[in-house]
Amino acid sequence: MKLLSPLACLLLGFNIVGTTASLAQGVGASLERIDQLEQQAPARQRAMNLARNTAITLNGGLSVYVPAACMFSSGGSGGSCLVENNSAGFLFRFNGGAPGWQQLGKPPSFTTEILISPDGRTVTEVVYNGPAV
């Protein structure tokens, strides 16, 4: 059995300390991001609801228009409909059409792109609401 030299032990010790510090820093950053997402969740849910309801109103109401299923997600994430989330707010882009369009495999008739404020309470801009693209 070969013993490690004092220098090897010292270097190994620094490597372990460096690795431990690196791991702790990574865990700390992850926990901070989780906390940030948890705080943002209510605003994201409000933003999704506002974007969906605005599109429904703009396109004639639920009797003639239904947004894509991603705008009804129970987790409030917006799924693939949430295309950007930054300091400008929540940008949603989603299709819609006549009631049942998705379930029947029909193409959408409308596309809506809408920016909602970071707090999820205000429509900042209707970027596009027109024929499906």
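## A single salt bridge

Welcome to this structure, a predicted model that holds one salt bridge. The two partners are Glu113 and Arg93, whose closest N and O atoms are 3.0 Å apart. Because Glu113 belongs to strand 4 and Arg93 to strand 3, the pair ties together parts that are 20 residues apart in sequence. Side chains of opposite charge can pair when their charged atoms come close.

The surroundings of the two residues are worth a look as well. Glu113 is buried, with a relative accessible area of 15%. Arg93, in turn, is partly exposed, its relative accessible area being 38%.

## The overall layout

Stepping back, the protein has one helix and five strands. Following the sequence, you meet them in the pattern α-β-β-β-β-β. The protein has 133 residues, of which 28% count as buried.

Contacts across the sequence are part of the picture too. Taking contacts between residues at least 6 apart in sequence, 52% join residues at least 24 apart. The accessible surface of the protein is about 8,300 Å², and carbon and sulfur atoms account for 62% of that surface.

## How the strands pair

A good place to begin is strand 2, which covers residues 82-86 and is joined to strand 3 by four bridges; the two run antiparallel. In this pairing, Asn85 stands opposite Phe90 in strand 3. Strand 2 and strand 3 form a hairpin, with two residues between them.

Next comes strand 4, which runs antiparallel to strand 3 and is joined to strand 3 by seven bridges. Here Asn95 has Thr111 of strand 4 as its bridge partner. Thr111 also stands opposite Gly130 in strand 5. Seven bridges join strand 4 to strand 5, and these two strands are antiparallel. They form a hairpin with six residues between them, and Gly120 in the turn has a positive phi of about 80°.

What about the setting of strand 4: is it enclosed or open? Six of its seven residues are buried, so strand 4 is largely enclosed by the rest of the structure. Glu113, met above in the salt bridge, lies in this strand.

## The nonpolar core

Which residues touch the most other members of the largest nonpolar core? In this core of 18 residues, they are Ala51, Met71, Phe90, Phe92, Phe94 and Ile116. At least two residues of the core come from each of helix 1 (6-58), strand 3 (89-97) and strand 4 (110-116). Helix 1 gives the largest share, with six residues.

Ala51 offers a useful view of this region. Setting aside neighbours within four places in sequence, Ala51 is in contact with Met71, Phe92, Phe94, Ile114 and Ile116.

## A patch on the surface

Nonpolar residues also appear on the outside. Leu58, Val123 and Val126 make a nonpolar surface patch of about 210 Å². Of these, Val123 lies in strand 5, which spans residues 123-131. Is Val123 buried or partly exposed? Its relative accessibility is 30%, so Val123 counts as partly exposed.

Note on methods. Residues are numbered from 1 along each chain as its sequence is written. This is a predicted model: local features need pLDDT of at least 70, side-chain atom pairs count only at pLDDT 80 or more; totals for chains, interfaces and linings use all residues. Side-chain values use heavy atoms; hydrogens and water are left out. Buried means under 20% relative accessible area, exposed over 50%, partly exposed in between (1.4 Å probe, protein chains only). Contact means heavy atoms within 4.5 Å. Accessible areas come from the Shrake-Rupley method with a 1.4 Å probe; for residues, only the protein chains shown count as cover. Patches are made of residues with over 30% relative accessible area and no salt bridge: like charges are joined within 9 Å, nonpolar side chains (Val, Leu, Ile, Met, Phe, Trp, Tyr) within 5 Å. A salt bridge is a side-chain nitrogen of Lys or Arg within 4 Å of a carboxyl oxygen of Asp or Glu. A nonpolar core is a set of buried Ala, Val, Leu, Ile, Met, Phe, Trp, Tyr and Cys residues joined through side-chain atoms within 4.5 Å. Two strands pair if DSSP finds at least two bridges between them.
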